[in-house]
Amino acid sequence: MEKRAGIQSFEKFKYINTINALADGDITKWDTILNMPYERVLTKLLLNKTEAEYQKRYGEISRES
């Protein structure tokens, strides 16, 4: 569905997609994100991924019930 909706159009922004997501779409927070230690940003990205996977599984299980 994402492909059909045009997700590929965001590829031109490369890493800015990640910066923007971490800043919750607030451009005034971009510099703050960019100046954070790499390990902190990586940990946050891993946390976001883990949460998304959990939510997806939880939703699938809920629909099965």
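How many helices and how many strands does the protein have? I looked this up first and found four helices and zero strands. I note at the outset that the model is predicted.

**Entry: overall form**

I read the order of elements along the sequence and recorded the pattern α-α-α-α. I then turned to the dimensions. The radius of gyration of the protein is 15 Å, whereas a compact globule of 65 residues would have one near 11 Å. Along the principal axes, the C-alpha atoms fill a box of roughly 45 × 30 × 15 Å.

I next looked up surface and burial. The exposed area of the protein comes to about 6,100 Å², and 58% of that area is supplied by carbon and sulfur atoms. Of the 65 residues, 11% count as buried.

**Entry: the nonpolar core**

Which residues make up the largest nonpolar core? I listed five in all: Ile19, Leu22, Ala23, Ile33 and Val41. As general background, I recall that nonpolar side chains tend to be buried together in soluble globular proteins.

I followed one member of this core further. With its neighbours within four places in sequence left aside, alanine 23 is in contact with Lys29, Trp30 and Ile33. Ile33 thus appears in my notes both as a contact of alanine 23 and as a member of the core.

**Entry: helix 4, aromatic pair**

I searched for paired aromatic rings, and the count came to one pair. Tyrosine 54 and tyrosine 58 form this pair, with 5.8 Å from centre to centre and 35° between the planes. Why is the pair of tyrosine 54 and tyrosine 58 called tilted? The pair is tilted because its angle of 35° is neither under 30 degrees, as stacked rings require, nor over 60, as edge-to-face rings require.

I then placed the two residues. Both tyrosine 54 and tyrosine 58 lie in helix 4, which covers residues 38-64, and they are four residues apart, about one turn of the helix. Are these rings buried, exposed or partly exposed? Tyrosine 54 is partly exposed at a relative accessible area of 43%, and tyrosine 58 is partly exposed at 48%.

**Entry: helix 4, salt bridge**

How many salt bridges does a search of the whole structure find? I recorded one. Lysine 49 forms a salt bridge with glutamate 53, and their closest N and O atoms are 2.7 Å apart. Lysine 49 and glutamate 53 are both in helix 4, four residues apart, about one turn of the helix.

I also checked the accessibility of each partner. Lysine 49 has a relative accessible area of 49% and is partly exposed. Glutamate 53 counts as partly exposed as well, at 35% relative accessibility.

**Entry: lysine 56**

I added a further residue of helix 4, lysine 56. Lysine 56 counts as exposed, with 55% relative accessibility. I computed its separation from glutamine 8, which is 48 residues away along the chain, and the two C-alpha atoms are 22 Å apart.

**Entry: positive phi in the loops**

I looked for backbone angles of note and recorded two residues. Lysine 14 has a positive phi of about 45°, although it is not a glycine. Where does lysine 14 sit? Its place is in the loop between helix 1 (2-5) and helix 2 (16-22). Lysine 14 is exposed, with a relative accessible area of 63%.

Aspartate 24 has a phi near 55°, again a positive value in a residue other than glycine. I located aspartate 24 in the loop between helix 2 and helix 3 (30-34). At 68% relative accessibility, aspartate 24 counts as exposed.

Notes:
Residues are numbered from 1 along each chain as its sequence is written. This is a predicted model: local features need pLDDT of at least 70, side-chain atom pairs count only at pLDDT 80 or more; totals for chains, interfaces and linings use all residues. Side-chain values use heavy atoms; hydrogens and water are left out. Rings of Phe, Tyr and Trp (its six-membered ring) pair if their centres lie within 6.5 Å; planes under 30 degrees apart count as stacked, over 60 as edge-to-face and the rest as tilted. Buried means under 20% relative accessible area, exposed over 50%, partly exposed in between (1.4 Å probe, protein chains only). A nonpolar core is a set of buried Ala, Val, Leu, Ile, Met, Phe, Trp, Tyr and Cys residues joined through side-chain atoms within 4.5 Å. Contact means heavy atoms within 4.5 Å. A salt bridge is a side-chain nitrogen of Lys or Arg within 4 Å of a carboxyl oxygen of Asp or Glu. The radius of gyration is taken over C-alpha atoms; the globule rule is 2.2 Å times the number of residues to the power 0.38. Accessible areas come from the Shrake-Rupley method with a 1.4 Å probe; for residues, only the protein chains shown count as cover.
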